[in-house]
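Here is a set of short exercises to work through with the sequence and the 3D view open. Try each task yourself before you read its solution.

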Amino acid sequence: MTLGKGVNTGNRLAGLIGLAAVVGLVAWWFNRAVDPSPWTEIETEMLRSLWIGSLPPLAPDPSNAVADDPRAAKLGQQLFFDQRLSANGRVACATCHQPERRFTDGRAKGQAIGTSKRNTPSIVGTAYSPWLYWDGRKDSLWSQALSPLEDPNEHAGTRMQYVRLIATDSSYRAAYEALFGPMPDLSDRSRFPDAAAPVAEPQLNAAWQAMTARDRELVNRIFVNIGKSIAAYERLLMPGPSRFDAYVQAVLDRDEAAQHATFSDDEIMGLRLFIGEANCTQCHNGPLFTNHEFHNTGVTTFPSEVPDKGRIVGVRSVKSDPFNCLSAYSDDPVKDCAELYFARTGPELIGAMRTPSLRNLEGTGPYMHKGQLATPAAALDHYNRASLAMIGHNEAKPLKLSRRERMQLENFLKTLAAPLATPTEWLEAPADNDARLAALADSAP
Amino acid sequence: MTNDMRSAGVCLRCRVFFRYTTVFVLVVALLAAAMAEENRAESADSRVWISQSGLFEVSYKSQQHPITINRMHSWVLHVETADGQPVANADITLLGGMPEHDHGLPTSPRMTQYLGNGEYLMEGIRFHMHGSWEITITISAGGDRDTVVILLEL
């Protein structure tokens, strides 16, 4: 009897210890299984890296002394919307970069004086990119802004014409001089002709070559300052938080109710594919959904055109560009040009194009460098098949996603749509532009 | 009878105790293993990599901790001979790539400075994708030439 009791007590003790261990194990397992977020730690970190809250403040641009001067941004905005910056007085930057279409134009290729060689990319968020254009042939916003102004298919004017516009429009002149100092006297037409630029067109080029080196330098400086003002404006164009960002916020807060209120199951599945099986984040990574790099993804050539060589030509071009980071026109005294200095070349850049931000996806089709694909669904189909590249080597591998999976991915991509973070007064022609142009028209004989 | 009962009772107690202790020990072991895994991940870049022909031992320190994608940064490579002597005046080239994707680094990093004591500054390194990277470093010093491949998971 006594012994039996002793056995019972001993059993009970062992049972209790065992039970505690089991409860501990179950509690640990249970907690692990019902983590409020269904995402693993690694996946959550991936989501955080794509979240707009991970976008660092825009770094200063030492090559542009007025990059963050609001007066320069104001002047840049006026220039951006001014059609007088063209050969025929009817093309402004905003002709192709339309604010209501996230600064694109809805066409396969830009349409201005002529037809551009490639698709009009968005400007939103590009201040973060070390390279501009599809092939990265420019290494700063200000240097990029100069090219279309003299491209015969785009604005088709000359730097001499633009510089004279700044000198003769009293409002532009005042804004310019406040930023860059006194404007030189350009009234002598024998020194400063009406139209002159180092372009392919023989007459314009001859007029430019006839000018003295010193006068050409004077004009170049003012021309570059036009670019730097436009760049100051473009630095303000930033994407705003989307529904996707609200979802990630809810994941980071471990707020399950908010997660389900923000995303449908299909959108969550689409996001899972996006960061997983579909390999999208290999290039569309970081808070802007782009690595700002160049990839050949086997996009078919534009009908009746030879394949576009892309970055392999762009990298050569930027290294010899007269307005690149190493040029005398950069305001950076130490010429810190690591991007240019360490830029790579090589055969894998044949046919490679810059990864565009997916935050600018909505309403900006057709897509790809020549607008070859009309819709996001067509783009997803393209990556699903991943055919051989026409030139170079297609980095993408066939995804073999089902129709439903592609639909889920597309649904997820739609959640990236959001209004710009930029205040609306910057997203239209400045109010005083119209008034000034009307005044000019009135004063005309 | 009483003795039989007692021995049977002790045995039952033993079994129950043994069973729960085993579960407990297993849980502790699992947790310990998980923690050890974490520590290994943290000290990844202090590892010494031996070149293919065994001529050099190489370690690197990244300017970035942890290494994040899309940011240009530099590494300091430490190069020693197999018997632990720092290697001076070496020519060093660095190539990187992702074997899974058949592409290289987005930049052309270069050795820009010898810092003394077998240490070399490699500038212009940037990774633009998550995944498995192979960094191939070729070292030429005193007529010897050898290659080391550093594996990196981002």
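## Exercise 1: Sheets in chain B

In this predicted model, four strands of chain B form an open sheet with antiparallel pairing, in the order β5-β4-β8-β9. Task: find which strands are the edge strands of this sheet, and then look at how β4(B) and β5(B) pair.

Solution.
- Step 1. Look for strands that pair on one side only: these are β5 (103-104) and β9 (144-153) of chain B.
- Step 2. Follow β4 (residues 91-98) of chain B alongside β5(B): the two pair in the antiparallel sense over two bridges.
- Step 3. Pick out a facing pair: B:Gly97 stands opposite B:Gly104 in β5(B).
- Step 4. Recall the background: strands of a sheet pair through backbone hydrogen bonds, either parallel or antiparallel.

Task: in the open sheet of five strands in chain B, which strand order do you find, and which strands are at the edges?

Solution.
- Step 1. The order is β1-β2-β3-β7-β6 (chain B), and the pairing is antiparallel.
- Step 2. The edge strands are β1 (49-50) and β6 (110-116) of chain B, each pairing on one side only.
- Step 3. β6(B) pairs with β7 (residues 119-125) of chain B in the antiparallel sense over five bridges.
- Step 4. Within that pair of strands, B:Arg110 stands opposite B:Glu123 in β7(B).

## Exercise 2: The overall form of chain A

Task: why is chain A said to be more spread out than a compact globule?

Solution.
- Step 1. Take stock of the elements: chain A has 17 helices and two strands.
- Step 2. Compare two values: the radius of gyration of chain A is 28 Å, whereas the globule rule gives 22 Å for 445 residues. The first is well over the second, so chain A is more spread out than a compact globule.
- Step 3. Turn to the box filled by the C-alpha atoms of chain A, which is roughly 125 × 45 × 45 Å along the principal axes.
- Step 4. Check burial too: 42% of the 445 residues in chain A are buried.

## Exercise 3: Two domains and a core

Task: where does the largest nonpolar core of chain A lie with respect to the domains?

Solution.
- Step 1. Start with the domain assignment of chain A, which gives domain 1 (46-57 + 240-310 + 350-414) and domain 2 (70-237 + 422-443).
- Step 2. Note that the C-alpha centres of these two domains of chain A lie 32 Å apart. Even so, 17 residues of domain 1 of chain A are in contact with 19 residues of domain 2 of chain A. On the domain 1 side, the touching residues divide into six nonpolar, eight polar and three charged.
- Step 3. Now the core: it has 55 residues, and A:Phe223 and A:Ile230 touch the most other members. Its largest share, nine residues, comes from α9(A).
- Step 4. Both domains of chain A give residues to this core, so it lies between them.
- Step 5. Zoom in on A:Phe223, which touches A:Leu146, A:Arg159, A:Tyr162 and A:Val163, leaving aside residues up to four places away in sequence.

## Exercise 4: One residue

Task: is A:Phe180 buried or partly exposed?

Solution.
- Step 1. Locate A:Phe180 in helix α7 of chain A.
- Step 2. Count its C-beta neighbours inside 10 Å: there are 19. Buried needs 20 or more, so A:Phe180 counts as partly exposed.

Notes: Residues numbered from 1 in each chain as written. Chains lettered and ligands numbered in written order. Predicted model: local features only at pLDDT ≥ 70, side-chain atom pairs only at ≥ 80, totals over all residues. Rg over C-alpha atoms; globule rule 2.2 N^0.38 Å. Buried ≥ 20, exposed ≤ 12 C-beta atoms within 10 Å, placed from the backbone. Core = buried A, V, L, I, M, F, W, Y, C linked by C-beta atoms within 7 Å. Domains from an automatic or database assignment. Contact = placed C-beta atoms within 7 Å. Nonpolar A, V, L, I, M, F, W, Y, C, P; charged D, E, K, R; others polar. Pairing = 2+ DSSP bridges.
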